[in-house]
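Q: Please take a close look at a single part of this model and describe how that part is built into the rest of the chain.

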Amino acid sequence: MNITVDVNELNTEFNVKLKGEIDAYTAPKLRESLFPISEQENVSITIDLTEVSYMDSTGLGVFVGAFKSVRAHNGEFTLVGLSERLRRLFDITGLADIIDIKSGTEGGLE
C-alpha cells in the first residue's frame with residue numbers, strides 16, 4: 001500500500017494530487033504533506049482524489065484535521081475527483097455537508 005502526494009504551489013493556492021490508497025499505513029505521509037500547508041493564512045487547497053483507489057476512516061480523519069486547520073486560518077479547502085465510492089463515504093459520515101466537494105475535477109487540477 002502506497003500513496004503519492006504531488007503538491008503544486010502558486011502563491012497561496014495549492015493543488016494536491018493524490019494517487020494510491022489512504023489508510024492507517026499511508027495517512028501519516030499525507031498528514032505530513034497537508035498540515036504545514038493548512039496552517040498558512042488565507043491559503044486555498046484543492047485536493048484531487050481521482051487516482052485514490054481506497055480510503056478508510058484514518059484518511060477521513062486527516063482530511064477533517066486539514067479542513068479545520070485551513071478554516072481556522074481563513075482559507076479554502078476543496079476536494080475534487082472523488083469516485084462514487086469515496087463520495088458515498090463522505091455522504092454517509094455527513095462530511096459532504098461541511099467540506100466543499102466538487103464533482104469531477106471542475107475548478108481543480110488538470
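**Helix H2 and its surroundings**

A: Asn-74, just after H2, adopts a positive phi of about 60°. The model is predicted, with local features requiring pLDDT of at least 70 and side-chain atom pairs pLDDT 80 or more, whereas totals for chains, interfaces and linings use all residues. Residues are numbered from 1 along each chain as its sequence is written, and side-chain values use heavy atoms, leaving out hydrogens and water.

H2 contains 16 residues and spans 22 Å from its first C-alpha to its last, close to the 22 Å expected at 1.5 Å a residue (1.5 Å times one less than the number of residues). Helices are DSSP runs of H or I with at least four residues, and strands are runs of E with at least two, numbered from the N terminus. At the N-terminal end, Asp-56 caps H2, with a side-chain oxygen 2.9 Å from the backbone nitrogen of Thr-58; a polar contact is a pair of N or O atoms within 3.5 Å, and within protein one must be able to donate a hydrogen and the other to accept it, residues adjacent in sequence counting only if both atoms are side-chain atoms.

Among the buried residues of H2 are Leu-60, Phe-63, Phe-67 and Val-70 (buried: under 20% relative accessible area, 1.4 Å probe, protein chains only). The buried residues of H2 pack against S2, H1, S3, S4 and H3, contact being heavy atoms within 4.5 Å. Phe-90, for example, is in contact with Leu-60 and Phe-63, among others.

The largest nonpolar core has 31 residues, and Phe-63 and Phe-90 are among those with the most contacts inside it. Such a core is a set of buried Ala, Val, Leu, Ile, Met, Phe, Trp, Tyr and Cys residues joined through side-chain atoms within 4.5 Å. H2 supplies the largest share of this core, six residues.

Notes:
Buried means under 20% relative accessible area, exposed over 50%, partly exposed in between (1.4 Å probe, protein chains only). Lists of a residue's contacts leave out its neighbours within four places in sequence.
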